[in-house]
Amino acid sequence: MKELEIKLKQKGIRPTAMRLLVLEALSGQEAAVSLSDLEEVFEKSDRVTLYRTLKTFQENGLVHSIDDGTGAPKYALCEEGCECNIEQDLHVHFHCRMCRETFCLPKYKIPDIDLPGEFIPEEANLVVKGVCGKCSA
C-alpha cells in the first residue's frame, strides 16, 4: 500500500482510503474499466465517490479515459512518464467484440496528424475493434 500512496503523492493527489483502494483495483486490471465495473468491485461504495476519484485521477494524469464506442468511458492507468500530452502520449486501444474488454496498446502510438494552423487539437482517440488474443485462441 505504501507504493500506491507514493504514486498518488507524486501526482499531487492526497491519498485517502478510497483513492488507495481504487488505485489498487486499477493496478490489478489488464483491461480498461468503466465506472460500472468499479461499482461491482466496490459494492458498498457510492457511485459519485468512485466517479470523483476517477476524475481526480484523470485530472492529475494518473489515468486516461477511453471512448471505445460502447457508450461508457473506460479508464486505464497511464504508463510511467505519461503526461497525457496529445503530441507524445496518445496510443492505440483495442476493443474486443467478444469479451467486450478494451485494452491499452501503449507501444502503438497514434501518429502525429498535421492539422491546418487554425485547428487546435485537444484530444484524439484511435480504437481498433476485433477479437483479442484470449477470445481468438
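**Close-up views of a predicted model**

**View 1. Two bridges join strand β1 to strand β3 (residues 74-77), and these two strands run antiparallel.** As in the other views, what you see here is a predicted model. Look for Val 33: the bridge partner of this residue in β3 is Tyr 75.

**View 2. Stepping back a little, we meet an open sheet of three strands with antiparallel pairing, in the order β1-β3-β2.** The edge strands, β1 (33-34) and β2 (63-66), each pair on one side only. Helix α2, made of residues 17-27, packs on this sheet and touches β1, β2 and β3. The direction of helix α2 makes about 85° with that of β3.

**View 3. Here we visit Thr 56, which sits in helix α4 (residues 47-59).** Is this residue buried or exposed? Thr 56 is buried, because its relative accessible area of 18% falls under the 20% cut-off. Leaving aside residues up to four places away in sequence, Thr 56 touches Ile 13 and Arg 19.

**View 4. To place the close-ups, here is the whole protein chain, with five helices and six strands.** Starting at the N terminus, the elements follow the order α-α-β-α-α-β-β-β-β-β-α. The C-alpha trace spans about 45 × 40 × 25 Å along its principal axes. The radius of gyration is 16 Å, which agrees with the value near 14 Å for a compact globule of 137 residues. Of the 137 residues, 34% count as buried. Among contacts with a separation of 6 or more, 52% come from residues 24 or more positions apart. The chain exposes about 9,000 Å², and carbon and sulfur atoms supply 50% of that area.

Definitions and conventions: Residues numbered from 1 in each chain as written. Predicted model: local features only at pLDDT ≥ 70, side-chain atom pairs only at ≥ 80, totals over all residues. Heavy atoms only, no water. Pairing = 2+ DSSP bridges. Helix = DSSP H or I, 4+ residues; strand = E, 2+ residues; numbered from the N terminus. Contact = heavy atoms within 4.5 Å. Axes fitted to C-alpha atoms, helices over the stretch in contact; angles between N-to-C directions. Buried < 20%, exposed > 50% of the residue type's maximum accessible area, 1.4 Å probe, protein only. Rg over C-alpha atoms; globule rule 2.2 N^0.38 Å. Areas by Shrake-Rupley, 256 points an atom, 1.4 Å probe, with all protein chains shown as cover.
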